[in-house]
Amino acid sequence: MLEFPLWKKISLWVFTLAMAAAALPSLVQPFMAQPEVAVAAETVDAGDDVLAESNATRDDEEDDSESPFPQVNLGLDLAGGSHLLLEADPADVAVQRLENMEEAVEAALRNATPEIEFGSTSRNNGQLSLILETAADIDRARSVLEPLMMGDGLQREWDFSVDDGQRIVLESTDSGTDAALNTAMEGAVEVVRRRIDLLGTREPTIIRQGETRIVVQVPGLADPQALKDQLGQTAQLEFKLVDQQALQTNTDAGVAGAGSQIFPFAEGSDEGLSAIAVKRLGGIRGDSLIDARAGVDQRNNEDVVNITFDQQGGQRFAKLSTENVGERFAIILDGEVISAPQFNEPILGGAAQISGNFTAESANQLAISLQSGALPVPLTVIEERTVSAELGEQSIRSGLIAMMIGSVAVIALMIATYGRFGVYATIALVFNVLILLGAMAIGNFTLTLPGIAGFVLTVGAAVDANVLINERIREERKRGRKVITAVENGYKEASRAIYDANITNFIAGALLFAFGSGPIRGFAVVLVIGLVTSVFTALTLTKMWVAGYLSARRPKDITI
């Protein structure tokens, strides 16, 4: 049982030293490299247009001196950074959902066999209504629209009613409205996460709070403005045909014809117009994009954004451009027209180019927003804070001091109590901390203030395991066992109690990680990894060292 072949010793040492080496960059590199920033807090009026489109320059190189080696990431409570609280308006979700339903209803009635004739649709007070040409088509229209009114799990999301014999009215149910809001918020959380990842920041915390709010914490980001600019762009891209019949005087006066709507031109547009009328339905949305990249148009050296549609989106764009050669179409981003070019020829390759007086920075920002996907619902900043790194420095310093004092006291007690075996336990304790840091660095995990508490707890678990082993060996010697037998039985019997205790704690830590959030997960990560490393160092490394000592010296007795 105490035999360790040479290959096993080499493999254990290689693994241990490799993990310890992975921890060195986190120990050598100062934890807090960011400049000190005064603690600030600002509450933003939810009614202000805080999240308007911005062309602000983004700092692509936040830290040029960042080490190429893996390091432990620090949470917001240790590294400082930016905290944003975003909120969505449920009314925006309802409006978007009603518009989607209108387009789907019109398409379904037109594609029915035979086609169901109807007049223009209208939306009012959250209801969608349309008048059929003949009352005899009511039942057939109901059957055609039935699949559109059912949600996931066959839950009805729209109520169907008939007024005045020929008017169909669709109204969202409460469950349908709640489901739509929940889906929109889940999508918004995912889009926010992708955008922050594309910004190059490390280990952000993105948590949904309540029904309509999202908490965003980005460690190490001292200025939240770039983050606000990126998250504030809804990036809802649309291609709509220009209404050629609309009079510009009516458009300027805000009067839209039937089936049309008016959009303003974005600031800096070279169209020379303040607004343009487009056909409300029948366009293409940017949710079918699969790629968006900033580039330069070689013909005029202008900054542009090159986009690529998926197969279905490419087919729709090809059909739209083929059927409307010579017609103008508007490229609408977040409710503003950035360009209104003309289809000179069919665009069949599934790719297009967006131009609109971009700078290199604004083109890159738009590409990031489009690539990460459109926000399902606009988000408004209602609170923002910049947390100073100085608070984190104090927390780290206090935590390290506490851990050092505790470790020194424990080491002194272990050596005084168990002699050589206490020395082995001390060395194992050091390697336990190094392996734990190395595992966190390689896994790109984040260390938070509760994580430091987890560190202290794992040190205690490692010491506890060594105490169990040494006390068990003592008992075996008192029973008259020989040295080799006492050591073998000591490790064997103690390992049962060690595994039982640590498996229980491991399950608790895994549950904390699965169901917790933020700092709780930070504590759980350190706890779970620390339990594994403490068992490894206590039961494997010390056993290898003790076996080597007994094999080399063959002592008649041991002082323990």
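Helices are DSSP runs of H or I with at least four residues, and strands are DSSP runs of E with at least two, both numbered from the N terminus. The views show a predicted model, in which local features need pLDDT of at least 70 and side-chain atom pairs count only at pLDDT 80 or more, whereas totals for chains, interfaces and linings use all residues. Residues are numbered from 1 along each chain as its sequence is written, and side-chain values use heavy atoms, with hydrogens and water left out.

**Helix α3 and the buried residue T121**. Helix α3 comprises the 22 residues 90–111. Its end C-alpha atoms are 32 Å apart, which agrees with the 32 Å expected at 1.5 Å a residue (the expected span is 1.5 Å times one less than the number of residues). The buried residues of α3 include E102 and E106; buried means under 20% relative accessible area, exposed over 50%, and partly exposed in between, with a 1.4 Å probe and protein chains only. T121 belongs to the loop between α3 and β4 (122–124) and, with a relative accessible area of 8%, is buried. The side chain of T121 makes polar contacts with the side chains of E102, at 2.4 Å, and E106, at 2.8 Å. A polar contact is a pair of N or O atoms within 3.5 Å; within protein, one must be able to donate a hydrogen and the other to accept it, and residues adjacent in sequence count only if both atoms are side-chain atoms.

**A94 of helix α3 beside T177**. A94 is part of helix α3 and is partly exposed, at 42% relative accessible area. Although 83 residues separate A94 from T177 in sequence, their C-alpha atoms are 7.1 Å apart in space.

**Backbone geometry at P114, D164 and R554**. Most residues other than glycine have a negative phi, and most peptide bonds are trans. The peptide bond from T113 to P114 is cis, with omega near -10°; P114 is located in the loop between α3 and β4. D164, which is not a glycine, has a positive phi near 55°. This residue lies in the loop between β6 (158–163) and β7 (167–172) and is exposed, at 76% relative accessible area. R554, likewise not a glycine, has a positive phi of about 45°. R554 is placed in the segment after α14 (519–553) and is exposed, with a relative accessible area of 63%.

**Antiparallel strand pairs and an open sheet**. Two strands pair if DSSP finds at least two bridges between them. Strand β11 (residues 260–264) pairs with β12 over five bridges in the antiparallel sense, and Q261 is opposite V278 in β12. Four of the five residues of β12 (residues 275–279) are buried. An open sheet of four strands follows the order β13-β10-β16-β17 with antiparallel pairing. Its edge strands, β13 (284–285) and β17 (336–339), each pair on one side only. Within this sheet, β10 (residues 237–241) and β16 (residues 329–333) run antiparallel and are joined by five bridges, L237 having L333 in β16 as its bridge partner.

**Salt bridges around helix α12**. A salt bridge is a side-chain nitrogen of Lys or Arg within 4 Å of a carboxyl oxygen of Asp or Glu, and the whole structure contains 14 of them. R472, E475, E476, R479 and R481 are linked in a network of salt bridges. E475 and R472 meet at 3.3 Å, N to O; they are three residues apart in α12 and therefore separated by about one helical turn. E476, also in α12 (residues 449–478), meets R479 at 3.5 Å, N to O. E476 is buried at 2% relative accessible area, whereas R479 is exposed at 54%. The side chain of E476 also makes a polar contact of 3.4 Å with that of N489.

**A nonpolar patch with residues of helix α13**. Y499, I503, F506, I507, L511, F515 and V532 make a nonpolar surface patch of about 730 Å². Patches are made of residues with over 30% relative accessible area and no salt bridge, like charges being joined within 9 Å and nonpolar side chains (Val, Leu, Ile, Met, Phe, Trp, Tyr) within 5 Å; areas come from the Shrake-Rupley method with a 1.4 Å probe, and for residues only the protein chains shown count as cover. Helix α13 (residues 483–515) gives the most to the patch, with six residues. L511 lies in α13 and, at 48% relative accessibility, is partly exposed.
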